[in-house]
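Biologist: Let's go through this pair of chains by question and answer. Keep it plain, and spell out the cut-offs as you go.

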Amino acid sequence: MAGADRAARRGDGPIPASAGIGLRFPHHAAFLQTRPAVGWVEVHSENYLSGPALAVLEAVRATYPVSLHSVGLSLGGAAGLDRRHLARLAELTVRIEPGLVSEHLAWGAVDHAFLADLLPLPLTEESMAVVCRNIAQAQDALGRSILVENPSTYLQFRHSTIPESEFLAALVARTGCGLICDVNNIFVSANNHGWDPEAYLAALPAAAIGEFHLAGHSAAGGDATGLLLDTHDRAVAPAVWSLFETALRLIGPRPTLIEWDAAIPALPVLTAESAGAERRLTRYTAEAGDVRAA
Amino acid sequence: MSALLELQRRFGATLLAVDAAPPPEVLGGCVAPAARVGIYRNNVIGNLTGVLRLTYPAIERLVGADFFAAAAARFIVAAPPAGADLYEYGGDFSDFLTEFEPANGLAYLPDVARLEWAVNRALHAPVAPTLAAEALLDVPAEQQADVRFVAHPSLSLLALTHPARTIWEAVLTEDADVRATRLAAIDLAAPGEHLAVLGGNDAPQVLRLSPAAFGLARALGDGQSLAEALDPVAPEKAASLLSLLLTQGFFGEVRAAVDQHPPERQEG
């Protein structure tokens, strides 16, 4: 099939500046049956590398714009990227033709052990060089620029010298990557480290932000009382919605994702959350005096 | 070595050790460094335990959630994943259970785990066509002895010593009363079985094989030529055994010429 025909048949490549949802396994059947009115979907790339899940993603991609969001590339890994994993992500990218490809400012693998979490980096010049090198390698292999997401973190390193928002801005300047602004992550990290979330937002390079993320968080207990955890197991908190409205004012409308990864509710609960994001995007755009395409 | 790599090694080791002191570079504040690192440790162990729980639901039911979580935590610390595709993680859990002292009284456990790993493999194997039973007809008669088959990517062959399939089916029965009845009826001393596990369109199939069918499937899956693989088979059974394996979709490809690189052994 010619490339142009293929593009025309599909749900168009670019991710619109509307609300989307993170598609997870428990919703595959309901999503394909009900085809909910969401602007686009995002999946965790690592869960769709082969098998029947990949076939489901291709079926979804036939009518929805899709964003591929990786959680296992370990962009902060000092020993470099896992070449086999990067090659598999590149293969998936060719197959799905996603509107966006993204990863996190984090590391997760060392000495061939993959630790299955987004681990924190000391924010130093050395880390900057490592992350820039890894982003460049990923962008070369994928043949496109990627978005890098600000993480939720639960600790800081004594020897960090660069504020996180400045670190992200420097990545943009040095590698040409874009950013995901995860509003919930800013809220969680700001609480955990005593940052000012609005100042953080204001320090991000607005033009480089290609996507917002929203999700629920919860309070830690026991000896970690006082910290917030990025649990993705509930609705977006009111304070995060209001920080999202600030982000819209400072940055402007962008594709906005609702993520829900644990205690996953019925699909309509998720689409109701995305409708909440859509309302705010529409309201912002109307207030800004723009006309949005239907 | 770079300072970052050295820190990541220490940090990784801290996450995989219970009660290890946090790296001194971690700041405290209103919450102590150990509690902050503990959140990441809980995430790592919790995320990977979740992966194992999805792959080994029968094992979890057989030993209970707490025992399973304790065994999983020990396994994860000893053998974390090698890569980010977590469908590939946990194939060694059966070997771990063999050595895991608290499970010594449950000799059948590793065999049930082998079966569950094969089911997991079949569920997540690449979607690939199976070789049609008629495929051999396309090969000229004089070349048939030399053909080699490539096992379907979803295929696992299991030679088990315990009645693992019976246990697996019984313990995954949803109705608790029926489950209890079925489990009570199992003769744990019953002999093991030769099984094949294959990806179906919706759910993996578990097939019981005769020793002859198992031997032929394994020989062909290992890349032996048809003539070599059929050598130990009684001539009057050869055609029907081969036809059975083909009809059930054991193979993905047939190759007429001698393959320089025989496919990897597919046994789980």
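**Confidence first, then the folds**

Biologist: What is the mean pLDDT of chain A?

Modeller: In chain A, 94% of the residues reach a pLDDT (the predictor's confidence in each residue, from 0 to 100) of 70 or more. This is a predicted model, where local features need pLDDT of at least 70 and side-chain atom pairs 80 or more, while totals for chains, interfaces and linings use all residues; side-chain values use heavy atoms, leaving out hydrogens and water. Residues are numbered from 1 along each chain as its sequence is written, with chains lettered from A and ligands numbered from 1 in written order. Averaged over chain A, the pLDDT is 93.

Biologist: Which stretch of chain A has a pLDDT below 50?

Modeller: Where pLDDT is low, the predicted coordinates should not be read in detail. The stretch in question has 18 contacts (heavy atoms within 4.5 Å) in the model beyond near neighbours in sequence. It covers residues 1-12 of chain A.

Biologist: In chain A, how many strands make up the closed barrel?

Modeller: The barrel runs E1-E2-E3-E4-E7-E8-E9-E12 in chain A, with parallel pairing (at least two DSSP bridges between two strands). Helices and strands here are DSSP runs numbered from the N terminus, helices (H or I) of at least four residues and strands (E) of at least two. Direction ignored, neighbours in the barrel are turned by 30° against each other on average. Count the strands in that order and you get eight.

Biologist: Which residue in E7(A) does Ser102(A) stand opposite?

Modeller: Strand E4 of chain A spans residues 100-104, and E7 of chain A spans 147-149. They run parallel and are joined by three bridges. Across from Ser102(A) is Leu147(A).

Biologist: Over to chain B: which strands are the edges of the open sheet E2-E3-E4?

Modeller: That sheet has three strands with antiparallel pairing. The twist averages 25° from one strand to the next. An edge strand pairs on one side only, which fits E2 (156-159) and E4 (205-209) of chain B.

Biologist: What is the bridge partner of Val197(B) in E4(B)?

Modeller: E3 of chain B (residues 194-198) and E4(B) pair in the antiparallel sense over five bridges. H9(B) packs on this sheet too, touching E2, E3 and E4 of chain B, at about 135° to the direction of E2(B). As for Val197(B), the partner is Val206(B).

Biologist: At what angle do H9(B) and H11(B) cross?

Modeller: The two helices are residues 211-221 and 235-247 of chain B, with axes (lines fitted to C-alpha atoms, for helices over the stretch in contact; angles run from 0 to 180 degrees between N-to-C directions) coming within 10 Å. They cross at roughly 65°, so H9(B) is roughly perpendicular to H11(B) (65 to 115 degrees; under 35 is roughly parallel, over 145 roughly antiparallel, the rest oblique). Residues meeting there include Leu216(B) from H9(B) and Leu241(B) from H11(B). The crossing angle, again, is roughly 65°.

Biologist: How far apart are the axes of H1(B) and H2(B)?

Modeller: H1 of chain B (residues 3-15) and H2 of chain B (residues 33-55) pack at about 70°, which means H1(B) is roughly perpendicular to H2(B). Among the contact residues are Phe11(B) of H1(B) and Tyr40(B) of H2(B). Their axes are 9 Å apart.
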